[in-house]
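Me: I have a chain here that I'd love to walk through with you, one question at a time. Could you reason each answer out for me?

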Amino acid sequence: MLQAVFNGAKNLLIGMGVTFRNMVSKPTTFSYPEVKRIMPERYRGRHFLNRDENGLEKCIGCSLCSINCPVGCIHVVAAENDPDHPVSPGERYAEVYEINLLRCIYCGFCEEACPVDAVVLREHYELADYDRKQYIATKEDLLVYPEPNEFRVNFLGNTSVVNKK
């Protein structure tokens, strides 16, 4: 019984030590949403579709991203590219590219499977919304890539420029 009292007192002192150590340390807080947290380099957040240096879409409609997706949240419909007005540098392009962000587990398999580096997961983490229909990211949504901390992101990457003073 005496040993149980000593163990209890020891555990109490350990817990109080953790409490006092945290009381004197400097807190880490951000003035969110004015100040955005800088995410680590390998953080997998919101999906985006890249463009090449000529402004053409990089996605060639191969559907490897949707095949490798473990939950099947990516839907790609490929179409033939018009030689006079190409959409992508390949023979085909993604006519429809949709991602159901509610089903996505943000594993990054789609990014790894893409042979032309068209789909990427980047540092944008503000994905909350009240409407479930907004979580179907279409190709038009995915082609808009805002720079971090230069835009205010309201939901799913729909952006407005922050007034810099």
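Me: Happy to start with helix 1: what distance separates its end C-alpha atoms, and how does that compare with the expected span?
Reply: Bear in mind that this is a predicted model. Helix 1 covers residues 2-24, which makes 23 residues. At 1.5 Å a residue the helix should span 33 Å, and that agrees with the distance between its end C-alpha atoms, which is 33 Å.

Me: And how many buried residues are there among the 23 residues of helix 1?
Reply: To be buried, a residue needs a relative accessible area under 20%. Helix 1 is hardly covered, and its count of buried residues is zero.

Me: Let's turn to the largest nonpolar core. Which element gives the most to this core?
Reply: As background, nonpolar side chains in soluble globular proteins tend to be buried together. The largest nonpolar core here has 23 residues, and Ile-74, Tyr-97 and Ile-99 have the most contacts inside it. Two or more residues come from each of strand 2 (74-80), strand 3 (92-100) and strand 4. With three residues, the element that gives the most is strand 3.

Me: Which residues is Tyr-97 in contact with, leaving aside neighbours within four places in sequence?
Reply: Tyr-97 is one of the residues with the most contacts inside the largest core. Its partners include Leu-49, Cys-59, Cys-65 and Ile-74, then His-75, Val-76 and Val-119. Also among them are Ala-137, Thr-138, Lys-139 and Leu-142.

Me: How many bridges join strand 2 to strand 3, and which residue is the bridge partner of Glu-80?
Reply: Strands 2 and 3 run antiparallel, joined by seven bridges. Glu-80 finds its bridge partner in strand 3, and that partner is Arg-92.

Me: Which residue of strand 5 stands opposite Ile-99?
Reply: Strand 3 and strand 5 (residues 136-137) run antiparallel, with two bridges joining them. In strand 5, the residue opposite Ile-99 is Ala-137.

Me: Now a backbone point: is Ser-63 buried or exposed?
Reply: Ser-63 lies in the loop between strand 1 (47-49) and helix 2 (64-68). Its phi is near 65 degrees, a positive value in a residue other than glycine. The relative accessible area of Ser-63 is 18%, and the cut-off is under 20%, so this residue is buried.

Me: What is the relative accessible area of Asp-117?
Reply: Asp-117 sits in the loop between helix 3 (109-113) and strand 4 (119-121). Although Asp-117 is not a glycine, it has a positive phi of about 55 degrees. Asp-117 is partly exposed, and its relative accessible area is 48%.

Notes. Residues are numbered from 1 along each chain as its sequence is written. This is a predicted model: local features need pLDDT of at least 70, side-chain atom pairs count only at pLDDT 80 or more; totals for chains, interfaces and linings use all residues. Side-chain values use heavy atoms; hydrogens and water are left out. Helices (H or I, at least four residues) and strands (E, at least two) are DSSP runs, numbered from the N terminus. Buried means under 20% relative accessible area, exposed over 50%, partly exposed in between (1.4 Å probe, protein chains only). A nonpolar core is a set of buried Ala, Val, Leu, Ile, Met, Phe, Trp, Tyr and Cys residues joined through side-chain atoms within 4.5 Å. Contact means heavy atoms within 4.5 Å. Two strands pair if DSSP finds at least two bridges between them. The expected span of a helix is 1.5 Å times one less than its number of residues.
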